[in-house]
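User: Could you take a close look at one pocket in this model for me, and then show how its surroundings connect to the rest of the structure?

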Amino acid sequence: MPFRIDDSGLLAGLARLERASSAAILSGLQDGADAGQAEMQATRAHGDQSSATRASYTAYVIGGGRTGASEAAAGYAAAQAALAGFQGHAGKALSQNSGVVLGPNERGILYTSFTDYQDKLETENAAEKAVIGPTVISQANENTARVARRLRSVR
Amino acid sequence: MPIKLVAVDAAFYAVLRTDSAGAAVRAALVGDGAAAVIWAADLKLTLPRPPFVALNVGPVVGKRQDVRQHTFTWFVYDDAPRRWSRIDAIIPLIEAAYPADAITFGDTNIVSISQPFTDFALGSRPARSIQFVYTTRR
């Protein structure tokens, strides 16, 4: 006589766990993005002329169906608005492809700003005014912890 | 007892400035040798003869109960006509000067080498950077 068990409940539970875990990971990364963006916008590494760089510092979650398109549009708009009519320097708002390509199961946080002189801030005078690089470094470990905390709450 | 930050910074800097481990780097800094090893803050002063290297001390990361990670980045500069030829020869020498046990009480590792770039704030000098992290439990 064959021995049969009904494992449909188990499989459904595992599927729920996978969905809940994926959501928790995105929540943890969002916590990190929020903290990273706040840290960048509060930087004292450089001052403000137009405020475009500071206003457009943006950190957002990518992967798992999140493209960051709306966050990027908001960051670009902030830089554009700050530079509209500004004549203190020739910098422009800039939006370009990040070049970041994630695999289907990869998630991440993209740190950026939307001015065409950000590269100079990150490198000139031995990175004297760098913000994005140091923020990535300072947030990396804590981002792992943030995701772990969210995963611990999965039931 | 935690290590003093200034002591870690000084030890990392001394590797290239005075220690035997950095002798090959100083030899490659053909203009000013050891005097071409400077802190990034001193880029505002009179620059050494190129090629020269400048140390940027980055963030220190880690909660009290965690390991601490100190970030250091050497920027290598040269004259524009030289482009990156001498810089690209110096970068591996810097990497070799920092084995895992370069700084006591922790582990030193290379994190990244930047792409070549031009530093317009320093007279359009070609430049490249090499970043390290020093990890310690103290």
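Analyst: Happy to. A good place to start is the lining of the second largest pocket, where H4(A) gives the largest share, 4 residues. Please keep in mind that this is a predicted model.

Helix H2 (52-56) of chain A joins H4 of that chain among the elements that supply at least two lining residues each. In total, 20 residues line the pocket, and those nearest its centre are A:His46, A:Gln49, A:Tyr117, A:Leu121 and A:Lys129. The volume comes to about 410 Å³. As for chemical character, the lining holds 9 polar, 6 charged and 5 nonpolar residues.

Now for the wider setting of H4. Helix H4 (118-127) of chain A also gives two or more residues to the largest nonpolar core. That core has 38 residues; the members touching the most others are B:Leu16, B:Leu43, B:Trp74, B:Tyr77, B:Ile94 and B:Tyr98. From chain B, the elements giving two or more residues are helix H1 (5-17), helix H3 (85-97) and the strands S1 (37-39), S2 (52-61), S3 (68-77) and S6 (125-136). B:Ile94 makes a handy example: beyond its neighbours within four places in sequence, this residue contacts B:Leu16, B:Val25, B:Val53, B:Trp74, B:Val76, B:Ile130 and B:Phe132. Another core, of 23 residues, lies apart from this one and includes A:Ile62, A:Ile109, A:Val131 and A:Ile132.

On to the interface between the chains. Here 13 residues of chain A are in contact with 18 residues of chain B. Together the chains bury about 1,200 Å², and 57% of that area comes from carbon and sulfur atoms. On the chain B side, the greatest losses of area to chain A fall on B:Lys44, B:Pro59 and B:Val61, which together make up 30% of what that side buries.

Finally, a look at one residue elsewhere in chain A. A:Leu29 sits in helix H1 (residues 8-41) of that chain. Is A:Leu29 buried or exposed? Its relative accessible area is 11%, under the 20% cut-off, so A:Leu29 counts as buried. Leaving out residues up to four places away in sequence, A:Leu29 touches A:Val61, A:Arg107, A:Gly108, A:Ile109 and A:Val147. One of these, A:Ile109, is a member of the 23-residue core. By contrast, A:Ser51 is 22 residues from A:Leu29 in sequence, and their C-alpha atoms are 27 Å apart in space.

Key:
Residues numbered from 1 in each chain as written. Chains lettered and ligands numbered in written order. Predicted model: local features only at pLDDT ≥ 70, side-chain atom pairs only at ≥ 80, totals over all residues. Heavy atoms only, no water. Core = buried A, V, L, I, M, F, W, Y, C linked by side-chain atoms within 4.5 Å. Buried < 20%, exposed > 50% of the residue type's maximum accessible area, 1.4 Å probe, protein only. Contact = heavy atoms within 4.5 Å. 1 Å grid on protein atoms, 1.4 Å probe; cavity = no way out; pocket = protein on both sides within 12 Å on 5 of 7 lines; lining within 4 Å. Points joined across faces, edges and corners; volume = space filled by probe spheres on them. Nonpolar A, V, L, I, M, F, W, Y, C, P; charged D, E, K, R; others polar. Buried area = accessible area lost by both parts, 1.4 Å probe.
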